[in-house]
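Please walk me through this structure. Start with a single residue and work outward to the whole protein.

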Amino acid sequence: MYRERVSTRPAPHKSSYVPMEHVKQQSGSAQLVGVMHNRVPAQAQPVNQGALALKSIPSPNSGTLIHTSVVLQRLYEGAPTDHFTMGWVMASLGKRSFGMIMLLLSLAAVVPGISIVAGLLLMIPAFQMVAGRSAPVFPRRIANHQLPTRHLMALVRRAVPLLRYLEKMIHPRWHTPLEATKRLVGMVVIILDALIVLAPIPLTNVVPALVIALISLAYLEEDGSLLLIALLAAITVLAVASVAVWETVRGVANWAGVIL
């Protein structure tokens, strides 16, 4: 009976016990092979059908930080077909609206012809950062003004590849207090923005606008090291501008004295 009972019992499956280490190694290998053959799990699928991979890193402030290039790409993908408004942009960005609005406007301020308009708009979130507001608020007429979506598309196409390259070297470090950092960034942006709006010489808007874009990127990515570098660049630009203004005033004064 014992033999019959043993012989009729179904044999256990050979793979009923597998060490957990072996399971982890197999799953890791399967993921590696899947990536090599462009077969990634659903949660790792790219945001834009293979154009932009979702890449997030731990954030000291909000737990998970999504890179700026991903946010910008998602913003464009969700944009209305023909026109968009600043109000829609702010509603879509939520808590990251300050940094993204400043980044978008500073990149727009590089373009000749619209630099003054972008600079004037940039003053609004900068002053509100200094005032300690949680999110930027534009006047209703500006927030509801329709802008062509093709302009947003052109900006995204130029900015995203550069941002993705820079993000390889940028990550949260040198954590600073959020409110103090926000007010400092706002004050520096106001001073640099004054150069964009008031500088009478063409193309003098490019360098201050790029420095504001760098400050905005460091603020968005919560990179205190990059923010320090950007602030040093801002001090250098302001020093050079001050010397240039002083020499111009002296030259005008000397010229006026010779004439008189």
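**From one residue to the whole**

Pro148 has a relative accessibility of 18%, so it counts as buried, the limit being under 20%. This value, like every other here, was computed on a predicted model. Pro148 sits in strand β4. Leave out residues up to four places away in sequence, and Pro148 touches Asp82, His83 and Phe84. Take Phe84 as an example. Along the chain, 64 residues separate Phe84 from Pro148, yet their C-alpha atoms are 6.5 Å apart.

Strand β4 spans 146-148. It also helps to line the largest pocket, giving at least two residues. The helices α4, α5, α6, α8 and α10 each do so too. The biggest share comes from α8, with nine residues. In total, 31 residues line this pocket. Nearest its centre lie Leu104, Leu107, Ala108, Ile114 and Leu155. What classes of residue make up the lining? Nonpolar residues number 28, alongside two polar and one charged. The volume of the pocket is about 990 Å³. Rolling a probe the size of a water molecule over the atoms is what shows where such empty space is left.

Stay with α8 for a moment. Arg157 belongs to this helix. Is Arg157 buried or exposed? Its relative accessible area is 60%, and exposed means over 50%, so Arg157 is exposed. Tyr76 lies 81 residues from Arg157 in sequence. From C-alpha to C-alpha, the two are 9.8 Å apart in space.

Now turn to α10. Val207 is one of its residues. With a relative accessible area of 47%, Val207 falls between the two limits of 20% and 50%, and so it is partly exposed. Val207 and Val110 are 97 residues apart in sequence. Their C-alpha atoms are 8.1 Å apart.

Next comes the loop between α10 and α11, where Glu222 is found. Glu222 has a relative accessible area of 19%, which is under 20%, so this residue is buried. Its backbone deserves a look as well. Most residues other than glycine have a negative phi. Glu222 has a positive one, near 55 degrees.

Helix α10 runs from 206 to 221 and also feeds the largest nonpolar core. That core has 54 residues. Which residues have the most contacts inside it? They are Leu72, Phe138, Val185, Leu192 and Ile215. Several helices each supply at least two core residues, among them α3 (68-77), α9 (178-198) and α11 (224-259). The helices α4, α5, α6 and α8 do so as well. In soluble globular proteins, nonpolar side chains tend to be buried together.

Ile215 shows how the core is joined. Set aside its neighbours within four places in sequence. Ile215 is then in contact with Val185, Val188 and Leu192. Its other contacts are Leu227, Ala230, Leu231 and Ala234. Two of these partners, Val185 and Leu192, are themselves among the residues with the most contacts inside the core.

Finally, step back to the whole protein. It has eleven helices and four strands. Of its 260 residues, 35% are buried. Consider the contacts with a separation of 6 or more. Residues 24 or more positions apart account for 71% of them. The protein exposes about 16,500 Å² of surface, and carbon and sulfur atoms supply 65% of that area.

Technical notes
Residues numbered from 1 in each chain as written. Predicted model: local features only at pLDDT ≥ 70, side-chain atom pairs only at ≥ 80, totals over all residues. Heavy atoms only, no water. Core = buried A, V, L, I, M, F, W, Y, C linked by side-chain atoms within 4.5 Å. Buried < 20%, exposed > 50% of the residue type's maximum accessible area, 1.4 Å probe, protein only. Contact = heavy atoms within 4.5 Å. 1 Å grid on protein atoms, 1.4 Å probe; cavity = no way out; pocket = protein on both sides within 12 Å on 5 of 7 lines; lining within 4 Å. Points joined across faces, edges and corners; volume = space filled by probe spheres on them. Nonpolar A, V, L, I, M, F, W, Y, C, P; charged D, E, K, R; others polar. Areas by Shrake-Rupley, 256 points an atom, 1.4 Å probe, with all protein chains shown as cover.
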